[in-house]
Amino acid sequence: MPITDRIRFNALEKDAVAQMARNLITDDCAIFLDTGTTTLSLARHLTGFKKLRLYTNSLMIAQAACQHFGVRVQMTPGNLRPIEQDLVGYDTLSYIQQFHFDMVFMGAAAIAAEYGFMDYEEDEARIRQALLKQTARSIMLADHSKCGKTGNVITAAFSSVNTLVTDQRPPANILAAAKRGDLEIIHG
């Protein structure tokens, strides 16, 4: 489903996640927001900053974030995927590997107790895996509908990510797996 259609699915929940995630960001830092509807919602909430540096591979996130005074937007290079309106591929990965980000905010297509964070597209998973190596704090953003689903690409174990921000308390099996992986969970 194209990102332009997915924006409407669970929009209020994604907005709640974005508002909680916004509170984690401090001014004068460098963050990366990867492609996704929840990270797009976060980009729309980036008001009140004076010197925030935002990096992204998403055209829609770049457009939303540049509307805010005090947010400097930098885009990755890469191959344009029209359905997601993002940039992926070797050039994107190579570019990401040149930087250290104070925080990265990533989406997930699915969250499974057995596998951790999952995706349906290999390009997205590879970008997220590269971002995990380039940051002091990794934050997954996902509304409750992602919990208990499985994708076909294993992106990251719970132990590889610092924080999950979600709108509801996750199911018991995911909470138990997250605890074993030392994953902090912030929920509504």
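These are my notebook entries on a predicted model.

**Entry 1: the annotated stretch**

I began with the record. UniProt, in an unreviewed entry, lists residues 10–168 as "domain: DeoR-like transcriptional repressor C-terminal sensor". I then looked at how that stretch is built: over residues 10–168 the chain is 28% helix and 28% strand. The C-alpha atoms at its two ends are 12 Å apart.

**Entry 2: the cores**

Next I asked myself which residues have the most contacts inside the largest nonpolar core. They are Ile111, Phe117 and Leu131, in a core of 29 residues. I listed the elements that give two or more residues to this core: strand 1 (30–33), helix 5 (90–96), strand 6 (103–107), helix 6 (122–132) and helix 7 (172–180). Helix 6 gives the most, with four residues.

I picked Leu131 for a further look. Leaving aside residues up to four places away in sequence, Leu131 touches Phe32, Asp34, Ile96, Phe101, Val104 and Met106. I also found another core lying apart from the largest one; this other core has 26 residues, among them Ile25, Cys29, Ile31 and Leu40. As a general reminder to myself, nonpolar side chains in soluble globular proteins tend to be buried together.

**Entry 3: the cysteines**

How many disulfides does the model have? I count zero. I checked Cys29 and Cys66 in particular. Their sulfur atoms cannot be bonded to each other, because they are 18 Å apart, which is too far for a bond; the cut-off for a disulfide is 2.5 Å. For Cys29, the sulfur of Cys66 is the nearest cysteine sulfur.

Are these two buried or partly exposed? Cys29 counts as buried because its relative accessibility is 3%, under the 20% cut-off. Cys66 is partly exposed, with a relative accessible area of 46%.

**Entry 4: a β-α-β unit**

I followed strand 2 (residues 52–56) to its neighbour, strand 3 (residues 71–75). The two run parallel and are joined by five bridges. Within this pairing, Leu54 stands opposite Val73. With helix 4 (residues 59–65), strands 2 and 3 make a right-handed β-α-β unit.

**Entry 5: Ala156**

I finished at Ala156, which sits in strand 10 (residues 153–156). Ala156 counts as buried because its relative accessibility is 4%. What does Ala156 touch, not counting residues up to four places away in sequence? I noted Tyr115, Gly116, Phe117, Leu132 and Val161. Phe117 caught my eye again: Phe117 and Ala156 are 39 residues apart along the chain, yet their C-alpha atoms are separated by 5.2 Å.

Terms used
Residues numbered from 1 in each chain as written. Predicted model: local features only at pLDDT ≥ 70, side-chain atom pairs only at ≥ 80, totals over all residues. Heavy atoms only, no water. UniProt positions renumbered as here; feature names shortened; annotations may be inferred. Core = buried A, V, L, I, M, F, W, Y, C linked by side-chain atoms within 4.5 Å. Buried < 20%, exposed > 50% of the residue type's maximum accessible area, 1.4 Å probe, protein only. Contact = heavy atoms within 4.5 Å. Pairing = 2+ DSSP bridges. Right-handed = clockwise from strand over helix to strand, strands pointing away.
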